[in-house]
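Good morning, and thank you for making room for this presentation. Please look at the sequence and the structure on the screen before I begin.

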Amino acid sequence: MQYHRITDINDKHFRAMHELMGRVFPPEEVLEYDLWAEPLQDPGIRVFVAVLDGEVVGATEYRYYEDLGVAMTDFTIIGRDAIGVGPFLAGQRMEDLRKVVAASGGTLQGMFAEIYNPYLSEKLEFGGVKAMNPFVRREVLAHLGYRKLDFDYVHPSWHNDGGAVHGLDLCFMPIADAKQADVPAELVSTFLERYYAVLPQKPQAWYTMVEGLKGRERVGLKAI
């Protein structure tokens, strides 16, 4: 299996990746094809696909915020069951991320990820891939060390229409201190404002959520 980085929408594997995203995720979670052109050229955004015998069988996107000392897993897609796509992507992603952190001279305190709440997303089929089932994914991510940040999470639709997307939890995987019980609320709010700055149309529920975080000192980490 090959771990191939995509930096251009003209990459021969990009269309297959975008089609895979469309099969697995609901429409409001998928950025339109042409709108990928600029993000892919951003050196801070790292988009990789897992390629087996010329076929895109998985994909992941992530980024590192040097000044915050944290990373974000934008998405992880497993396109085929029982061939080891998940462990391959997780291992390659962490290896690459550690190289990025080392090259910047920074630190890696932990990694954010949005995780579907299975009780709020039961109607989603995720392309029929069993490994993408929210119950399965949460167990896998729990084993990796992710925990749920203790607040009600909502995020802006990637359609940039001001819609609010529910049914997910924002989670954090502590790396520097795996046993930490909470994180600074300022870190969470700053990260969210930075991450979603690309979407000018945000729902009021998102602003209310961020303001609520700014009124707190710490956010607890709960088991998922």
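Lys214 is partly exposed, with a relative accessibility of 43%. In this predicted model, the side chain of Lys214 meets that of Glu193 in a salt bridge, at 2.7 Å from N to O. Lys214 belongs to helix H6, residues 204-214, and Glu193 to helix H5, so the salt bridge ties together parts that lie 21 residues apart in sequence. Glu193 is likewise partly exposed, its relative accessible area being 32%.

How many salt bridges does the structure hold? There are eleven, and I shall take up a few of them.

Helix H5 also carries Arg194, which pairs with Asp67 in the loop between E3 and E4. Their side chains form a salt bridge with an N to O distance of 2.8 Å. The pair links distant parts of the chain, the two residues being 127 residues apart. As for accessibility, Arg194 is partly exposed, at a relative accessible area of 35%, whereas Asp67 is exposed, at 56%.

The next pair is Arg218 and Asp182, whose closest N and O atoms are 2.7 Å apart in a salt bridge. Here the link runs between two strands: Arg218 is in strand E11, residues 218-222, and Asp182 is in strand E10, residues 182-184, with their positions 36 residues apart in the chain. Arg218 counts as partly exposed at 41% relative accessibility, and Asp182 is partly exposed too, with a relative accessible area of 25%.

Beyond these pairs, Glu61, Arg63 and Asp74 are joined in a network of salt bridges. Two members of that network bring us to the next topic, the largest pocket.

Which residues lie nearest the centre of the largest pocket? They are Glu61, Thr73, Asp74, Phe75 and Thr76, out of a lining of 49 residues. The largest pocket encloses about 1,100 Å³ of space. By class, its lining comprises 30 nonpolar, six polar and 13 charged residues.

Several elements supply at least two residues each to this lining, among them strand E3 (55-65), strand E4 (70-78), strand E5 (110-116) and helix H4 (134-144). Helix H5 (185-195), which we met through Glu193 and Arg194, is also one of these elements. The greatest contribution to the lining comes from H3, with six residues.

I turn now to a charged residue without a partner. Is Lys148 buried or exposed? Lys148 is buried, and yet it has no salt bridge. The nearest side chain of opposite charge belongs to Asp169, at 4.3 Å. A salt bridge requires a side-chain nitrogen of Lys or Arg within 4 Å of a carboxyl oxygen of Asp or Glu, so the distance of 4.3 Å to Asp169 falls outside that limit. Lys148 is located in strand E6, residues 147-149. Setting aside neighbours within four places in sequence, Lys148 contacts Asp169, Leu170, Cys171, Gly220, Leu221, Lys222 and Ile224.

Next, some positions in loops. Asp53 is not a glycine, but it has a positive phi of about 55 degrees. Asp53 sits in the loop between strand E2 (45-52) and E3, where it is exposed, with a relative accessible area of 78%. Ala82, again not a glycine, has a positive phi of about 60 degrees. The loop that holds Ala82 runs between E4 and H3, and Ala82 counts as exposed at 83% relative accessibility.

The last loop residue is Gln109, in the loop between H3 and E5. Gln109 is partly exposed, with a relative accessible area of 35%. Which residues does Gln109 contact, leaving aside its neighbours within four places in sequence? The contacts are Gly69, Val70, Phe172, Met173, Pro174, Ile175 and Ala176. In addition, the C-alpha atom of Gln109 is separated by 9.4 Å from that of Ala178, a residue 69 residues away along the chain.

To close, I return to two points. Lys214 and Glu193 join helices H6 and H5 through a salt bridge, while the buried Lys148 has none. Thank you; I welcome your questions.

Terms used. Residues numbered from 1 in each chain as written. Predicted model: local features only at pLDDT ≥ 70, side-chain atom pairs only at ≥ 80, totals over all residues. Heavy atoms only, no water. 1 Å grid on protein atoms, 1.4 Å probe; cavity = no way out; pocket = protein on both sides within 12 Å on 5 of 7 lines; lining within 4 Å. Points joined across faces, edges and corners; volume = space filled by probe spheres on them. Helix = DSSP H or I, 4+ residues; strand = E, 2+ residues; numbered from the N terminus. Nonpolar A, V, L, I, M, F, W, Y, C, P; charged D, E, K, R; others polar. Buried < 20%, exposed > 50% of the residue type's maximum accessible area, 1.4 Å probe, protein only. Lys, Arg positive; Asp, Glu negative; His and termini not counted. Contact = heavy atoms within 4.5 Å.
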